[in-house]
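Open the model in your viewer and keep the sequence panel beside it. This tour tells you what to select, stop by stop.

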Amino acid sequence: LSESEVPQLVQPMIWDYAADLDVESKVQLVEKYQRCGFSKVWFASAFKGATGVNQSLTLIGHHLKNHLQWMKVASSTPAEVLEGIVLTGWQRYDHFSVLCELLPVAIPSLAVCLQALKNGGYSEKIKEDVEKLLGMSNLETDTFMR
């Protein structure tokens, strides 16, 4: 791979939408990419659409945990290597599937995930800020929003 000069042409993206993603294995993957000559890598998370082909509602807690895990990977990765994180929001699993987790029901999840990334974590203050921003009285992260 190093001899192919591909690392000078592209930046790899490491995808994982699991709430319990293995931080150490992702750090090791970044290190492998570095040894191959890639100077930058991207991470890809999901704020919606990654928990089931026919999922209608977004479980915010799942996606929040995924982002918190990615933040652990980022903190164990040299800052100059991480180019950024892409927050994906899948609408369907393939072109023959029905739509899942439409954007309106996932906006609270997007807001929580963005605020967690922006603030370096999640807290009661961030929850309150998101509730105020979205005009919500009770943001639920561990159950489906009512």
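The stops below run from the whole chain to single residues and pairs.

**Before you start**

This is a predicted model, in which local features need pLDDT of at least 70 and side-chain atom pairs count only at pLDDT 80 or more, while totals for chains, interfaces and linings use all residues. Residues are numbered from 1 along each chain as its sequence is written, and side-chain values use heavy atoms, with hydrogens and water left out.

**Stop 1: the whole chain**

Show everything as a cartoon. You should find four helices and three strands. Both kinds are DSSP runs numbered from the N terminus: helices are H or I with at least four residues, strands are E with at least two. Trace the sequence and the pattern reads β-α-β-α-β-α-α. The C-alpha trace spans about 55 × 40 × 20 Å along its principal axes.

Now show the surface. The protein exposes about 8,400 Å², and carbon and sulfur atoms supply 56% of that. Such areas come from the Shrake-Rupley method with a 1.4 Å probe; for residues, only the protein chains shown count as cover. Of the 146 residues, 37% count as buried. Buried means under 20% relative accessible area, exposed means over 50%, and partly exposed lies in between (1.4 Å probe, protein chains only).

How do contacts spread along the sequence? Among contacts between residues at least 6 apart, 74% join residues at least 24 apart. A contact here means heavy atoms within 4.5 Å.

**Stop 2: helix α3**

Select residues 103-119, which make up α3. This helix has 17 residues and reaches 23 Å from its first C-alpha to its last, close to the 24 Å expected at 1.5 Å a residue. The expected span is 1.5 Å times one less than the number of residues.

Where does α3 bend? Go to Ser-109: the bend there is about 30°. That angle is taken between axes fitted to the seven residues ending at a position and the seven starting there.

Next, colour the buried residues of α3: Ala-106, Pro-108, Ser-109, Ala-111, Val-112, Cys-113 and Ala-116. They pack against β2 (41-48), α2 (60-75), β3 and α4 (124-134). Step just past the end of α3 to Gly-120, which takes a positive phi of about 75°.

**Stop 3: Phe-47**

Select Phe-47 in strand β2. Is this residue buried or exposed? Phe-47 counts as buried because its relative accessibility is 7%. Leave out residues up to four places away in sequence, and the residues that Phe-47 touches include His-63, Leu-87, Ala-106, Ser-109 and Cys-113. Draw a C-alpha to C-alpha distance to Pro-108: the two are 61 residues apart in sequence and 9.3 Å apart in space.

**Stop 4: Ala-74**

Move to Ala-74 in helix α2. Ala-74 counts as partly exposed, at 25% relative accessibility. Beyond its neighbours within four places in sequence, Ala-74 is in contact with Phe-43 and Leu-82. Now pick Leu-102: its C-alpha is 29 Å from that of Ala-74, with their positions 28 residues apart along the chain.

**Stop 5: a nonpolar patch**

Select Leu-57, Leu-99, Leu-102, Val-105 and Phe-144. Together they form a nonpolar surface patch with about 400 Å² of accessible area. Patch residues have over 30% relative accessible area and no salt bridge; like charges are joined within 9 Å, nonpolar side chains (Val, Leu, Ile, Met, Phe, Trp, Tyr) within 5 Å. Leu-99 sits in the loop between β3 (82-89) and α3. Leu-99 is partly exposed, at 43% relative accessible area.

**Stop 6: salt bridges**

Side chains of opposite charge can pair when their charged atoms come close. The whole structure holds four salt bridges. Each is a side-chain nitrogen of Lys or Arg within 4 Å of a carboxyl oxygen of Asp or Glu.

- Asp-16 and Lys-26: the closest N and O atoms are 2.9 Å apart. Asp-16 lies in the loop between β1 (13-15) and α1 (23-35), Lys-26 in α1. Both are buried.
- Lys-40 and Glu-83: the N to O distance is 3.7 Å. The pair joins the loop between α1 and β2 to strand β3, 43 residues apart.
- Asp-129 and Lys-125: the closest N and O atoms are 3.0 Å apart. They are separated by about one helical turn because they sit four residues apart in α4. Asp-129 is partly exposed at 32%, whereas Lys-125 is exposed at 53%.
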